[in-house]
Amino acid sequence: MKESIITTKAQRHRGFLRAFPGSAISLLSLCLWVFVVQTFSQETIPAPGAPRSAAIPAVKEIKLKNGLTVAVAEKHNVPLVTVQLLVRNGAGAENNKLPGLANLTASLLTKGTKTRSATQIAEEIEFLGGSIFSFAGWQNSSVGMSITSDKFDRAMEIMADVTLNPSFTEDELKLARSQTLDEMTYSLTQPSFLASYVASRYSFGEHPAGGTPASIAAISRADIASFYSDNYRPAESVLIFVGDITPEKAAAAAEKYFGAWKKEGRGYGSGSAGVVGATDPKPVVRRMLIVDLPNAGQAAVNFVKPIRGVGRRSKQYYAASVLNSLLGGGYSSRLNLEIRIKRGLSYGAGSNFGWRDGAANFSARTQTKNESAAQVAELIIAEIKRLAETSASEAELSPRKSVLTGGFGRNLETTQGLAGAIADLYTFRIPTSELNAYMSNVNSVQSVDLKEFASMSLFQGDIIIVGDYSVFKDDLAKRFPGQQIAVIKASELDIDSETLRKGDVR
């Protein structure tokens, strides 16, 4: 069949050539003609389709006697179950002198229990055809699994063992510490990582969630055991079941495997979800920091801004989400359009919000040639200003909303995606009914909401550039006359120093 199709196409081409005897038309010119037709026919981008609703199952909640919350969302279309234990403490609960402790603790949960080695855990889960995971973020830590529903009970026993009986052996800690340090040593030579690493302390006033070389090397087994004991408690945790399971079966499994978890919670700081008040007009850039990395192949250019009073539970969350989609949330966003598509100065540019209870960390970022670092910084600032000074048209705004709602709907199609969305709501004490309100809340955002949010929240940020300063120094001074520029040699950088320089330790 394939051969006959190819033959038919060839016959059509020969027929076309025979129709114009004596002419200069050749197969090459024919190909060129087809290319031109196709190019012009694709010049007009098709309009986005009408918004589609997502089928979101209701979340049923059960409370165990030990304070553990159980949340169940049924999806019986495939015989698969995802179980995720959410703990409402993460890197934000760490001792500031031991950053990386939450992440290291979470990673070691699946590396051995009192009755199973790391190898046994991996082999048993693999034998069942499932997967197991653990991780920590700023606001939470999680351990979970995905398994076919017929293997559910056997996998639940392994997950419970991993969660409640971790051994935190010295050998596994030594290996995890070594791997983390190797990764960090490499990452700290990369401009994009280094820019984010510095921003955590310089702009956001936080420690790096992944830790520092000094803190990772200093973390002991006792530190990990203490963090686990203090933070992994039923009163601050939610056991989430999503997939081919009933609330009755989920409740029975939760009681069977986690009902004996008796530790009392130490409480949870909910933080503020206030609204940012109006501010006087101020320049977009408050400070400019250069981390000089001689001979760097490229330069990372970041605009970063801590936003106080606008947390994940704030009503402004949806305006911020649409703004982010418009500015840097995909290939056709404004930053990528200006920096990559129009000028070819980068392979990509984007932005994001890191949400906290009563705050958010905003960043816009890209990587470019050292020669164009100053120009790219100027372009990012111009796009931030444009958000506050001009209104986005509905023709531009509508597709960006569709990106959000479409991605949201696709994410909820998988059991892991839905479990993650539910975990996000429980992390911030948001009712699970918000799942059904997400699309309407996004679509209700207006252009004026974006202007207001940008002018109130995005100005007075920091520009952080990591790259070979000698290459872009003159251009930076030319493009930003009068701007005070702080410069730190990468070799002299110390994230624990008041000035970020070695020798001035906190």
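In the predicted model, helix α11 passes helix α13 in a right-handed crossing. The two elements span residues 317-328 and residues 373-389, respectively, and their axes come within 11 Å of each other while crossing at roughly 135 degrees. Because angles over 145 degrees count as roughly antiparallel and those of 65 to 115 degrees as roughly perpendicular, this value makes α11 oblique to α13. On the α11 side, the contact is made by Leu323, Leu326 and Leu327, which meet Glu383, Ile384 and Leu387 of α13. Classified by residue type, the contact of α11 with α13 comprises five nonpolar residues and one charged residue, with no polar residue taking part.

The strands of the model provide a second element of the architecture, in which six strands form an open sheet with mixed pairing, arranged in the order β1-β2-β6-β3-β5-β4. The edges of this sheet are occupied by β1 (59-63) and β4 (131-136), and since each of these strands has a single partner, one side of each is left without a neighbour in the sheet. From one strand to the next, the twist averages 15 degrees.

Within the sheet, strand β2, covering residues 69-74, pairs with strand β6, covering residues 237-243, in the parallel sense and over six bridges. One position in this pairing is valine 70, whose bridge partner in β6 is leucine 239. In general, the strands of a sheet pair through backbone hydrogen bonds, in either a parallel or an antiparallel arrangement.

How values were computed. Residues are numbered from 1 along each chain as its sequence is written. This is a predicted model: local features need pLDDT of at least 70, side-chain atom pairs count only at pLDDT 80 or more; totals for chains, interfaces and linings use all residues. Side-chain values use heavy atoms; hydrogens and water are left out. Two strands pair if DSSP finds at least two bridges between them. Helices (H or I, at least four residues) and strands (E, at least two) are DSSP runs, numbered from the N terminus. Axes are lines fitted to C-alpha atoms, for helices over the stretch in contact, and angles run from 0 to 180 degrees between N-to-C directions. Angles under 35 degrees count as roughly parallel, over 145 as roughly antiparallel, 65 to 115 as roughly perpendicular and the rest as oblique. A crossing is left-handed if the near helix is turned anticlockwise from the far one by less than a right angle, and right-handed if clockwise. Contact means heavy atoms within 4.5 Å. Ala, Val, Leu, Ile, Met, Phe, Trp, Tyr, Cys and Pro count as nonpolar, Asp, Glu, Lys and Arg as charged, and the others, Gly among them, as polar.
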